[in-house]
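Please look at the sequence and the model together, and follow the strands before turning to the surface.

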Amino acid sequence: MFHKITSLQIKSDYLLVVGFSNNKVKLFDLKPYIEKYKPFKQLVDQPGLYETAKIDIGGYGIVWNDELDISAEGIFEKGVDYCVTDKASIIKDELLSDYIDIRRNLHISQKQLENMTHIPQSCIARLETTNIDPKVSTLVKLLASMGYTLKIEPLE
């Protein structure tokens, strides 16, 4: 059976949330591919490349450039079933993903962020790698130290 990709969410830490035409959603971890296959190392070595992922025409896979892609079938077979139960979870996941992207794009380490905010690096790491609900004040402090803030907008 052919699985067609219909949606893509690019998350931090080389994780993709991929939706399929059969209404299945898979969480796909690219880290094993980056470690095992030389072409995927580009995603780490070329700043910003990972974030350019897009659905191939026809939904046959995910592409980054002329040299780098992964098939819909590979994602469907190797991905883990992913279920988000409510809109609030989606918003929280996107917010944390955006925060991590900001930190990485500014080339600020967790240790540097600790020095800037006095929030222990271990807390920053836990916030970035586990499914926790951070305090709004913590997130605001982290973002403000990097020149960002939170903004409330109407849902689309």
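Two strands are said to pair if DSSP finds at least two bridges between them, and the elements themselves are DSSP runs numbered from the N terminus, a helix being H or I over at least four residues and a strand E over at least two. The model is a predicted one, in which local features need pLDDT of at least 70 and side-chain atom pairs count only at pLDDT 80 or more, while totals for chains, interfaces and linings use all residues. Residues are numbered from 1 along each chain as its sequence is written, and side-chain values use heavy atoms, with hydrogens and water left out.

One open sheet is built from 4 strands with antiparallel pairing, in the order S1-S2-S3-S7. Strand S1 (5–11) and S7 are its edges, and because each has a single partner strand, one side of each is left without a neighbour in the sheet. Going across this sheet, S1 is joined to S2 by 6 bridges in the antiparallel sense, and Leu8 has Val18 of S2 as its bridge partner. Strand S2 (residues 15–20) then pairs with S3 over 5 antiparallel bridges, with Val18 facing Lys26 of S3 as bridge partner. These two strands, S2 and S3, form a hairpin with 4 residues between them, and Asn23 in the turn has a positive phi of about 70°. On the way to the edge, S3 and strand S7 (residues 80–81) run antiparallel and are joined by 2 bridges, where Lys26 has Asp81 of S7 as its bridge partner.

Which side chains of S3 are buried? In a regular strand the side chains alternate between the two faces of the sheet. Along strand S3 (residues 25–29), Lys26 and Phe28 point to one face and are buried, whereas Val25, Leu27 and Asp29 point to the other face and are not; buried here means under 20% relative accessible area, exposed over 50%, and partly exposed in between, with a 1.4 Å probe and protein chains only.

A second open sheet has 3 strands in the order S4-S5-S6, again with antiparallel pairing. Its edge strands are S4 (54–55) and S6 (69–71), each of which pairs on one side only. S4 and strand S5 (residues 61–63) are paired over 2 antiparallel bridges, and Ile55 has Ile62 of S5 as its bridge partner.

Finally, helix H4 (residues 87–105) holds Leu95, which is partly exposed at a relative accessible area of 32%.
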